[in-house]
Each structure stands twice: as C-alpha cells, then as structure tokens.
Amino acid sequence: MTVATSRDPAAAHPEPAGVDNRLVVGGAELTWRSLPTPTLPDPAAVLARSALHALTAARQHAARGTELLLSTSSRVDAAMRMELLEAGFTVSVLDDDGVHPTAPVRPRAAEPGRLWLLTSGSTGRPKRVGHTLDTLTTVRADQPDRTWLCPYAPGTYAWWQVVTLSLTQRGQHLVVVEPDELDDWPTVAAAHGVDAASGTPTFWRRTLYRDAEALARVPLRQITLGGEPVDQAILDQLREVFPTARISWIYASSEVGASIVVHDGRAGFPVDWLDRETPGRPTLSVRDDELVVTSPYHGAGLAGPIRTGDRVQVLDGRVLITGRLDSDEINVGGSKVSAGVVRGVLAEHPAVAWARVTGRRAPVLGRMVVAEVVLTPAEPPIPDPTPAANSASASTPAATGVPDEAALVRWCADRLPEHAVPRRIRILTDIPVKETLKSDV
C-alpha cells in the first residue's frame, strides 16, 4: 500500500504503549509502529478496503487525533454516504493506491480526538455514536501477554475493543483475519500462535460446526463472547473443547461501552449485580424487562441511564439477556413468548448447532412460533447385525441419529408451554452469518 504520510511533528500525539506489538494481517508480520500514517481529511469517514487499511487508519488517529469514522464500503450504503457528507465528513476510500476523498456537502471544523462508531443497525438504520480512544479503551489493568485473533468488521465497537487493547497494552499482539479467511481461521490462528480470541456466539458456533477438530488445535487460553445473547449451550460446548481456558462473555454496545463481564462459565450475570453502584463501574438496572445501563464508557451525549433495547429475564438467580425487545417477544393468541427462551431450549438439544426463533402471522392466533436450525454433523450409525433391520431402517432419522422436525418439536413440547412450542422448524445446511459476525438471533 502506498500512501502519503503526515510528518508534522506538532500534530503528533505520544506513542501508545502498544506501538511495538506484533500485527499479522494478510499473512504479513508488522508492528503498529511500522504502519504508515496516511494524510486523511479532517473530519474523515474512512471506508477501508481491507483489514490492513483499517489498521493504518486507526494508527493514524492514534498518532494525529484526526476526527475519524471508520467502516467498510459494504456497511455504508449510498444513503449513509450522503448523510455523512451532509454531516461535514469527507468520505474517503482508503486502498492500496492511497486516499480517495469525496468532499462534504457542508464543510465544518473538525473535533480533535473524536472517534465515531456506526451502530449495528439492529433497530433500524445505523446511527453515529461519538467516542474517543480513551472511552473505547476499557481494559486498563496490566494483562498477561496474549496474541489475539480479531475477526470483526473494521470500525465496529467489538473491532475497536480488540484494537485499543493492542494499541494501549504492551504484549497484546494481534492476528487479523479478512472475511474470506473466516472459514479457515483456526489454521491461520494456530500458525501464528493465537492464544486468545474474541467473537460472537454465531462465530463460535459456526467454527465448532465446520471444524471442531481444527479449533481444538488452537492453543486458546482466553475465549471471549459478545455481541449477541450468550446461552449456556455455547458456553458448555466451548468448555468441553477448552477445559482450562478462561471463557468470558461481555455485554457491550456502541452506546454504553463494555458494561458487563462474566467469567464464571454461566449464562447471564448474578442478580445481585443489579442496582449496585460502584465508582468507575457501570450500574445495571431492569425496567419493564429491559436492561438499563449507566456507564462511564458511554458515547458522547449519552450520560445517565440508557435504555439498551435488550430484553432480560431473571431465572435462578441470574439475569439472562434473551434478545432485542422489538423482536424477542412473540404474542401468540394473547400469550407472550420469548424467542430467546425458545432458542435456548433448541440450542440445548445435543444435535442442534444453531437456532433462530421468530414469529409468523397465523390465522386465529395472530402469530405463531417458528424456528430455523442447523444440525451438528451426524455420527455414522452403528450397524445392526440383522440384515433386515439394516435395510429397513438405515435411512430413517432414528437410525442415523439425526432428528427430524417432529423430533425437535417434541423436544420443545417437553420443555415449553404449549403456546411457545414452534409450529414449524426449518432445517438449514449452514449457519448464516453477516459481516458483523451476527446472524439475527
């Protein structure tokens, strides 16, 4: 990549502590210090063509403090580009040939040190949330040396969490994988000594589904999950593969930052964490089944209690996050059903690798519960010594150990009230995943 670099020493910021940490991107080994600092417009909305270009933009911000919104072209459609241009950003594509700017419709003065994030758009169009490197840096205590895998889309909150850890902490090295490397990331990770990895539950489920043996060869000591509801099934599956690793789930968002961190291997967080006020730490509350967070890591202009839009359920002394309020509740003939609870029941089935639960219009009831699942690869059937038995049953679900739709419905019926049992269960052949590593669960 050939880019112009800024050499104005008056504009330079102190070098971050992690500037000499190792970076692996596109198979090349670099350091933060060796990355160029491209001359960007200010303020700039940078659309990075690759992981390397995204890292150079992050490095430039750390070195120069340019007001920056970082994303990829695929996450910024034509309407969003126009919104950014009208908001005073110079929208700039950053690729191997340098910076390709489009001038703003309404130019404005830059806000030094400001970082902007685009929300995931789970409740509609993505919104801009303002941060700084300081508010995005939530890990401040000294950490054991780690080599982290970063699979996230550039510019997302989760991406910045891993990137700021590497920028601000010595010994926090980074291996970045591009979208076309996701299916084979365990091979890349093992080759470069990755021992810590962060991903969504969908990311981990998809990896376990595609090649659990390859995943087991990665010497992981730290496993982190976030970005989606984290249920007990995925925590238990990861514990089985990595019995000695620390497994953590993190609740975080662009609006309130990293607010909940749990290391005990159980889904949800202890109910006695609610309404506990500790200086410098987020305060967690529940109002009308919605998680409310007051956080020191909030975005600009979002001080005080923030309604997160996430639905929670208190069960057995734990506060479980089941999904988004606008999509988790399904009204079946006047009875309320939590899609997250039904999803959790399906995920507990030993043959289910992934599940999604939604509501569908239905006569009389108004809505009915439906589901999609991906099954774990089936073990070969144990042959019956009787030839007649083999010929009669070898192709049936019972013989192969693969449940059919009826078997999954019965599984749910044994564990859920009648109105919550899915009426249709569609079996998919692969776990769907978006650029954000989520799958709309």
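What is the average pLDDT of the protein, and what share of the residues score at least 70? The average is 89, and 90% of the residues reach at least 70. This is a predicted model, and I will start with the places where the confidence drops.

Over residues 1–10 the pLDDT is below 50. Beyond near neighbours in sequence, that stretch has 25 contacts in the model. The other stretch to mention is residues 387–399, where pLDDT also stays under 50. For residues 387–399 the model has 10 contacts beyond four places in sequence.

Now the sheets. One open sheet is formed by 8 strands, and its pairing is mixed. Reading across, the order is β2-β1-β10-β9-β11-β12-β13-β14. At the edges are β2, residues 28–31, and β14, residues 257–262, each of which pairs on one side only. Direction ignored, neighbouring strands of this sheet are turned by 25° against each other on average.

Take the β2 end of that sheet. Strand β1, residues 22–25, runs antiparallel to β2, and 4 bridges join them. Arg22 stands opposite Thr31 in β2, and Leu23 has Leu30 as its bridge partner there. The two strands make a hairpin with 2 residues between them. Gly26, in the turn, has a positive phi of about 60°.

Next, the helices on this sheet. Helix α4, residues 157–168, packs on the sheet and touches β1, β9, β10, β11, β13 and β14. Its direction makes about 140° with that of β10, residues 172–176. Helix α7, residues 232–241, lies across β12 and β13. The angle between α7 and β12, residues 222–226, is about 165°.

Two loop residues come next. His192 is in the loop between α5, residues 185–191, and β11. Is His192 buried or exposed? With a relative accessible area of 19%, His192 is buried; the cut-off for buried is under 20%, so a value of 19% falls on the buried side. Not counting residues up to four places away in sequence, His192 touches Arg22, Val24, Glu29, Thr147 and Val175. Arg22 we have met already, as the residue opposite Thr31.

Gln143 is the other one, in the loop between α3, residues 133–136, and β9. Its relative accessible area is 30%, which makes Gln143 partly exposed. A polar atom of the Gln143 side chain lies 3.0 Å from the backbone oxygen of Ala141. Which residues does Gln143 contact, leaving aside its neighbours within four places in sequence? They are Leu165, Gln169 and Gln172. As for separation, Gln143 and Pro243 are 100 residues apart in sequence and 21 Å apart in space, C-alpha to C-alpha.

Arg81 sits in helix α2, residues 78–86. At 30% relative accessibility, Arg81 counts as partly exposed. Leaving aside neighbours within four places in sequence, Arg81 is in contact with Leu47, Ser73, Val76 and Val91. Between Arg81 and Thr102 there are 9.7 Å in space, C-alpha to C-alpha, and the two are 21 residues apart in sequence.

There is also an open sheet of 5 strands, with antiparallel pairing and the order β15-β19-β18-β17-β16. Its edges are β15, residues 269–270, and β16, residues 283–287. Each has a single partner strand, so one side of each is left without a neighbour in the sheet. The partner of β15 is β19, residues 318–324, and these two pair in the antiparallel sense over 2 bridges. One residue pair here is Phe269 with Val319, its bridge partner in β19.

Last, helix α12, residues 405–413. Which residues of α12 are buried? They are Ala407, Leu408, Trp411 and Cys412. Seen down the axis of α12, these buried residues fall within an arc of 140°, so they line one face of the helix. What covers them includes helix α9, residues 339–347. Strands β22, residues 352–362, β23, residues 366–375, and β24, residues 424–428, are also among the covering elements.

How values were computed
Residues numbered from 1 in each chain as written. Predicted model: local features only at pLDDT ≥ 70, side-chain atom pairs only at ≥ 80, totals over all residues. Heavy atoms only, no water. Buried < 20%, exposed > 50% of the residue type's maximum accessible area, 1.4 Å probe, protein only. Arc of directions from axis to C-beta. Contact = heavy atoms within 4.5 Å. pLDDT = per-residue confidence, 0-100. Pairing = 2+ DSSP bridges. Axes fitted to C-alpha atoms, helices over the stretch in contact; angles between N-to-C directions. Polar contact = N/O pair within 3.5 Å; in protein donor to acceptor, adjacent residues only side chain to side chain.
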